[in-house]
Amino acid sequence: MDVRDRAHVDAAGRLVEDHQARPLYDQHRVFVAPTRFAAGLPYKLHEAASFGLPIVATPILAEQVGWTDGAELLAAPNLDPAETADRALALLGDEALWTRVRDAALAR
């Protein structure tokens, strides 16, 4: 069975209360942060990484935290939904990639 047949997406919305975060992280395998505009530090990336989730983010977020596409996260260029989905599916379908990206983010 193809990973696309098994993939499930939950959109948590703009605000998740602290008491809701752990169950969400525990139930999922990839964290997607499709942010267009940002200022300050994107703590959501640090938090997701601390819970052991590999991340698909936009280049602006990768730049803000100083992480490298293909190392600590996968960056989806230009907020392209298809590219974002492809990167998330790549993580879901490739255990070695999932582990490498997860471990690199945890080390940061």
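The following conversation goes through the ring pairs, nonpolar cores, salt bridges and one helix of a predicted model.

Visitor: What should be known about the model and the numbering?
Guide: This is a predicted model, in which local features need pLDDT of at least 70 and side-chain atom pairs count only at pLDDT 80 or more, while totals for chains, interfaces and linings use all residues. Residues are numbered from 1 along each chain as its sequence is written, and side-chain values use heavy atoms, with hydrogens and water left out.

Visitor: How many aromatic pairs does the structure hold?
Guide: There are two aromatic pairs. Rings of Phe, Tyr and Trp (its six-membered ring) pair if their centres lie within 6.5 Å; planes under 30 degrees apart count as stacked, over 60 as edge-to-face and the rest as tilted.

Visitor: What is the geometry of Tyr25 and Phe31?
Guide: Tyr25 and Phe31 form a tilted pair, at 6.2 Å centre to centre and 40° between the planes.

Visitor: And why does the pair of Tyr25 and Phe51 count as stacked?
Guide: The ring centres of Tyr25 and Phe51 are 4.4 Å apart and the planes are at 20°, so this pair is stacked. Tyr25 lies in helix H2 (residues 18-27) and Phe51 in the loop between helix H3 (43-50) and strand S2 (55-57), so the pair ties together parts that are 26 residues apart in sequence. Helices (H or I, at least four residues) and strands (E, at least two) are DSSP runs, numbered from the N terminus. Ring pairs link Tyr25, Phe31 and Phe51 into a cluster.

Visitor: Are these rings buried or exposed?
Guide: Tyr25 is buried at 9% relative accessibility, and Phe31 is buried at 17%. Phe51 is partly exposed at 27%. Buried means under 20% relative accessible area, exposed over 50%, and partly exposed in between (1.4 Å probe, protein chains only).

Visitor: Where does the charged end of Arg29 sit?
Guide: The charged end of Arg29 sits over the ring of Trp98, 4.0 Å from its centre. The criterion is that NZ of Lys or CZ of Arg is within 6 Å of the ring centre and within 35 degrees of the ring normal.

Visitor: Turning to the interior, how many residues has the largest nonpolar core?
Guide: The largest nonpolar core has 17 residues, and those with the most contacts inside it are Phe31, Leu45, Ile55, Ala57, Trp67 and Leu73. H2, strand S1 (31-33), H3, S2 and helix H4 (59-65) each supply at least two residues of this core. Such a core is a set of buried Ala, Val, Leu, Ile, Met, Phe, Trp, Tyr and Cys residues joined through side-chain atoms within 4.5 Å.

Visitor: Which residues does Ile55 touch?
Guide: Not counting residues up to four places away in sequence, Ile55 touches Phe31, Leu45, Ala48, Ala49, Trp67, Leu73, Leu74, Leu91 and Val101. Contact means heavy atoms within 4.5 Å. A second, separate core of nine residues includes Val56, Leu74, Trp98 and Val101.

Visitor: What about Thr84: buried or exposed?
Guide: Thr84 is buried, at 16% relative accessibility. Thr84 is found in helix H5 (residues 81-93) and touches Val32, Val56 and Ala76, not counting residues up to four places away in sequence.

Visitor: How many salt bridges does the structure hold?
Guide: The structure holds five salt bridges, each a side-chain nitrogen of Lys or Arg within 4 Å of a carboxyl oxygen of Asp or Glu. One of them joins Glu72 and Arg108, whose closest N and O atoms are 3.0 Å apart. Glu72 lies in the loop between H4 and strand S3 (74-75) and Arg108 in the segment after helix H6 (95-107), so the pair ties together parts that are 36 residues apart in sequence. Glu72 is buried at 11%, whereas Arg108 is exposed at 53%.

Visitor: How far apart are Glu83 and Arg87?
Guide: The closest N and O atoms of this salt bridge are 2.5 Å apart. Being four residues apart in helix H5, Glu83 and Arg87 are separated by about one helical turn.

Visitor: Last topic: which residues of H3 are buried?
Guide: Leu45, Ala48 and Ala49 are buried in H3. Seen down the helix axis, the buried residues fall within an arc of 100°, so they line one face of H3. The arc is that of the directions from the helix axis to the C-beta atoms. On the other side of H3, Tyr43 and Ser50 are exposed.
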